[in-house]
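Look at the sequence and the 3D structure shown below. This report goes through the protein part by part.

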Amino acid sequence: MDQISGHPAKAQCEPDANAAQGNNGAHRERQLDVSENAEQAQPLPDAGPWKELPWTDGLHRIAELGAWRWDLKARQFHYCDIAGGHLSRSDGPNQVNFATLIVNIDARNQDDLAAFLSGPETASTIKSLEIRMVGKDLSPGRCLHLTGQWYETPGEAPMMRGVVHDVTERKKAERALRKSESRLAEAQEIASLGHWEWEIESNTLYWSHGIYEMFGRNREQFEATYPNFIETIHPEDRDLVTGGVNDALEGRAPYAMEHRVVRPDGEIRWVFERARVFRDNDGKPYRMVGTVLNISERKQSEEERNRLGRIVEDSWNEIYIFDAESCKFIQANRGALANMGYTLDEMRTLTAYDIKPEFTEESFHEALHPLRDGSEKFLIFETVHKRQNGTTYPVEVRLQFLAGEDPPLFFAVINDISARKQAEESLRENKELLAEAQEIAQIGSWQYDNAAAILKYSDQVYGILGVSRQDFEPTVENWLSLVHPDDRRDAEQNVRDILDDAVELNSELRIVRPDGAVRYVHQINLPVTDGQGTVIGRRGTIQDVTERRLAENEIRQLNEGLELRVAERTRELRDEIQEREQAQAALEESELRLRVMRDTAADAIITIDPAGAILSYNKAAQNIFGHAADSVLGANISLLMSSDTAAEHDGYLAAYLNNDQPTIIGLNREAVGRRADGSHFPVEISVSETRTATGRSFTGILRDISERKANEETLRKTIDDLRLTQGQLVESEKMASLGGLVAGVAHEINTPIGIGVTAASHLQEAVAALQSEFSGATLKRSDLEKFITTAAESADIVTTNLSRAATLIGSFKKVAVDQSSEDHRRFDLGDYIGEVITSLGPRLRSSNHSFIMRCEDETIIDGDPGVISQIVTNLVLNTIEHGYAENQAGALSLDISRAEDMIRIVYDDDGRGIDVDTLPHIFEPFFTTRRGSGGSGLGLHIVYNLVSQQLGGTIRCESEPGEGTKFIVEFSADAEERTS
């Protein structure tokens, strides 16, 4: 026998040399004959030697390796007892032909085995094949692995020899492992979990698929190393993570922490990492294994809960939580404690009905019953609360039942409605006073909404029209139906006028009440407009002036009759006294008309003598001042004046009578009146003087302008608030642009500084290595030369990148200081704008825009550089924000020229341009086309104000859609000329 190699002896394996030479290698194309006519297998002459072969004992039995050989010429398959067992042969060591061999082999593998045993390959070539066996019932059997090698012996046919091994259990284990790994991957994906392993000495880091997904990285494009992992961590958390890793490696603390990672798209995610460090026998860490859990949703929920808690705690509404059974307070926010005067511990000793005097324990539980039984989701009711000091105040309670809590709770939000109640009471009183005043004056008010086509009357209008609110629908058609037929045509024309134009109407007409009574009414009809001047409705008053008109008619009739009687009685004396009678009649008629006008006028009409005594006092004056006529006639006019001017009035009047005071006759002026109850109110006065044979008198027409003053004050406050808000927004816009520069420059500086730090760190390591070799006396010339090269390269990298960072910082510092200060100095305009563009470099590069600046040499001006910086910054940022479509690269340019003492800056781009409707409004405050995307509408307004006010210059814009936009700025180079 040969050596223990698992092969038969050479004498049995060497092929016929002549056959080998005659075939000249043709055996490579020889096919295996498996037909029924193939040479029948012959039994081994003696099976005993197979049992005695060395390879049938020892280690191959422990491994269950079975030996076999294939005789290509005899087409015989020889096998040992172990191989026979694997091949489902029970005849021990034996030999069989191919047809017998494949009886227990899966039909799908029979052709594979035929190809495996056909034609010899190159000598020493090792082949392998896996086949599946079948049972007697053709059920799946064991899986076998065959390994074989062709060899040729001179004078003998080619042989293949090899081993067979049962790999069934290994296959099962592999399938179980793949299934386990698949389940693990699915579980990690569901749980947003990933695992990693770090081989510390080789700095090899393995990430599971879940971590790549979590960090937004691609396995093919991202190399998982420890430095690259640190780069994925949020900058504010990197020291925390590296410190945690060092603590774990040094054995100071286990590695378990929460931190943030930044995905390539900028999204920030929170993760929780836990890891274990493996150490060798000397305690040195060699491997670190850990897991990563995505906790972003939990963090977001925590932040939302915390934010909601802060809102509830900081709310000045009273918010309480109390037990549903005992009604004892569990929690109260800051607003509740401040309003009630209790501490939280004191509140927890009270129940909800302790602070509500209107309720008892029984009535309070009864009121909450709809919430407990689920018939109501929440309750809203008004009651009063009692503070610790005993005072009470009205409140509105909004109550909700939290049945899912253990124990069940009530959640209450309380609004203090003291101000609302006072306002409601004041409004009710004012309405009553207005109604009383309108009833006395027989005046009613109305209003009409154009959009809703709804007409509303006050109660007094229904009384004037003689109809009831229940039976009469206030519409324009129904109103016209009440107008007297003779006046209806004019009334219809008035309706058309007010619907077509924003006109004011003041008219008088007759109406016919349902009972047939004819009444004269006086109308005042005013338009109501919105903020843009569009008429959105009408409002006005209707006053019953029937008595006045009847009095006028009666006086006219009396006058006519009186004239007839006088004419009849004095016909004989007409020639002598005609002029006197006519004059007397005209005077009497004038006095009567004057008296009627004075008594029916809406304004106060008061006449005084030169001493200031009141001679006449009409009905409107009684209504305005609150004094009855008989109580003021003969009294001094100072009775109706404010305390500040009453004592000085007589002196003013005397000075006027002595021609020492400028005249106020015929002029309107404002003063302060005093009512009977002592209250003061603003009035508008127009004074006229009358001179007769009996003396001089002064007549004043006074109008109460309280409402107008109140409206003016409200308007003034609104304008002041608007100006303040505009100023704050303008300042915020300025700081926002500076903030944008800070973010961009900070990102730009980070790169050269990071490169410099890396180069310095590399140089430090090289110095340490050189020092170690020097100390150990192992330093060689080549090592020193390598160190010198490394040091020079590192120093060059550090110097270059720090210089780049210094340039960026210097540019930004100069621009930032100028934007935040108002110092005047002389500076080169071209150089300074270049610094501004340098600070804007990050924004320009991130938007893929190019920028070209052209400037004449040494364009020196005197002024505030911060103004120039703000103008250029806003123009460039406005272009980036509005001038181009998303991801569109553009070309921006800025030309600076000087003609004598005038500076001209032309800034243009090749973007989308501005349409003809938008162009006239771009410099208006708060005008923006990006209102829903964060635009404030102040950028170009700030530029306009800076150019026109700070520089005393002009700015205009030229643009067409699709043709880009150009801004032309012109101003004086001399600061004194700009100021003048």
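The sections below cover the overall make-up, two sheets, the cavities and a single buried residue.

## Overall make-up

The model is predicted. The protein contains 31 helices and 33 strands. It has 980 residues, and 37% of them are buried.

Contacts along the chain can also be sorted by separation in sequence. Taking contacts between residues at least 6 apart in sequence, 53% join residues at least 24 apart.

## A sheet of six strands

Six strands make an open sheet in the order β3-β2-β1-β6-β5-β4, and their pairing is antiparallel. Which strands stand at the edges? They are β3 (94-96) and β4 (126-134). Each has a single partner strand, so one side of each is left without a neighbour in the sheet. From one strand to the next, the twist averages 25 degrees.

At one end of this order, strand β2 (residues 76-79) pairs with β3 over three bridges, in the antiparallel sense. Within this pair, H78 of β2 is opposite Q95 in β3. Helix α7 (residues 107-117) packs on the sheet. The strands that α7 touches are β1 (65-71), β2, β4, β5 (140-151) and β6 (159-166). The direction of α7 makes about 155 degrees with that of β4.

## A sheet of five strands

Another open sheet has five strands, in the order β8-β7-β11-β10-β9, again with antiparallel pairing. Its edge strands are β8 (204-207) and β9 (255-262). Because β8 and β9 have a single partner strand each, one side of each is left without a neighbour in the sheet. On average, neighbouring strands of this sheet are turned by 25 degrees against each other, direction ignored.

Two helices pack on this sheet. Helix α11 (residues 238-250) touches β7 (193-199), β9, β10 and β11 (285-294), and its direction makes about 155 degrees with that of β9. Helix α12 (residues 296-314) touches β9, β10 and β11, and its direction makes about 125 degrees with that of β10.

## The pairs around β10

Strand β10 (residues 268-279) runs antiparallel to β9, and eight bridges join the two. Along this pair, V261 has R269 in β10 as its bridge partner, and Y255 stands opposite A275 in β10. The hairpin of β9 and β10 has five residues between the strands. In this hairpin, G266 takes a positive phi near 90 degrees.

On its other side, β10 pairs with β11. How many bridges does the pairing of β10 and β11 cover? It covers nine bridges, in the antiparallel sense. One of the partners here is E273, whose bridge partner in β11 is V292. β10 and β11 also form a hairpin with five residues between them, and G283 in its turn has a positive phi of about 80 degrees.

## The cavities

Rolling a probe the size of a water molecule over the atoms shows where empty space is left. In this model the count is five cavities of 30 Å³ or more.

The largest cavity has a volume of about 100 Å³. It is lined by 13 residues, and the closest to its centre are W196, L205, Y226, F229 and E273. E273 thus appears again here, after its pairing with V292 in β11. The elements that give two or more residues to this lining are β7, β8, α9 (209-215), α10 (226-232) and β11. By class, the lining has 12 nonpolar residues, no polar residues and one charged residue.

The second largest cavity holds about 60 Å³ of space. Its lining includes Y320, F322, K356, H385 and I414. Here β12 (318-323), β14 (378-386), β15 (392-402) and β16 (409-416) are the elements that give two or more residues. This lining divides into 10 nonpolar residues, one polar and one charged.

## A buried residue in a helix

Q870 lies in helix α29 (residues 865-882). Is Q870 buried or exposed? Q870 is buried, because its relative accessible area is 3%, and buried means under 20%.

Q870 can also be placed relative to G939. In sequence the two are 69 residues apart, while in space they are 9.6 Å apart, C-alpha to C-alpha.

How values were computed
Residues are numbered from 1 along each chain as its sequence is written. This is a predicted model: local features need pLDDT of at least 70, side-chain atom pairs count only at pLDDT 80 or more; totals for chains, interfaces and linings use all residues. Side-chain values use heavy atoms; hydrogens and water are left out. Helices (H or I, at least four residues) and strands (E, at least two) are DSSP runs, numbered from the N terminus. Buried means under 20% relative accessible area, exposed over 50%, partly exposed in between (1.4 Å probe, protein chains only). Two strands pair if DSSP finds at least two bridges between them. Axes are lines fitted to C-alpha atoms, for helices over the stretch in contact, and angles run from 0 to 180 degrees between N-to-C directions. Contact means heavy atoms within 4.5 Å. On a 1 Å grid over the protein atoms alone, a cavity is a set of points where a 1.4 Å probe fits but cannot get out, and a pocket is an open set with protein on both sides within 12 Å along at least five of seven lines; lining residues have an atom within 4 Å of a point. Grid points are joined across faces, edges and corners, and a volume is the space filled by probe spheres set on the points. Ala, Val, Leu, Ile, Met, Phe, Trp, Tyr, Cys and Pro count as nonpolar, Asp, Glu, Lys and Arg as charged, and the others, Gly among them, as polar.
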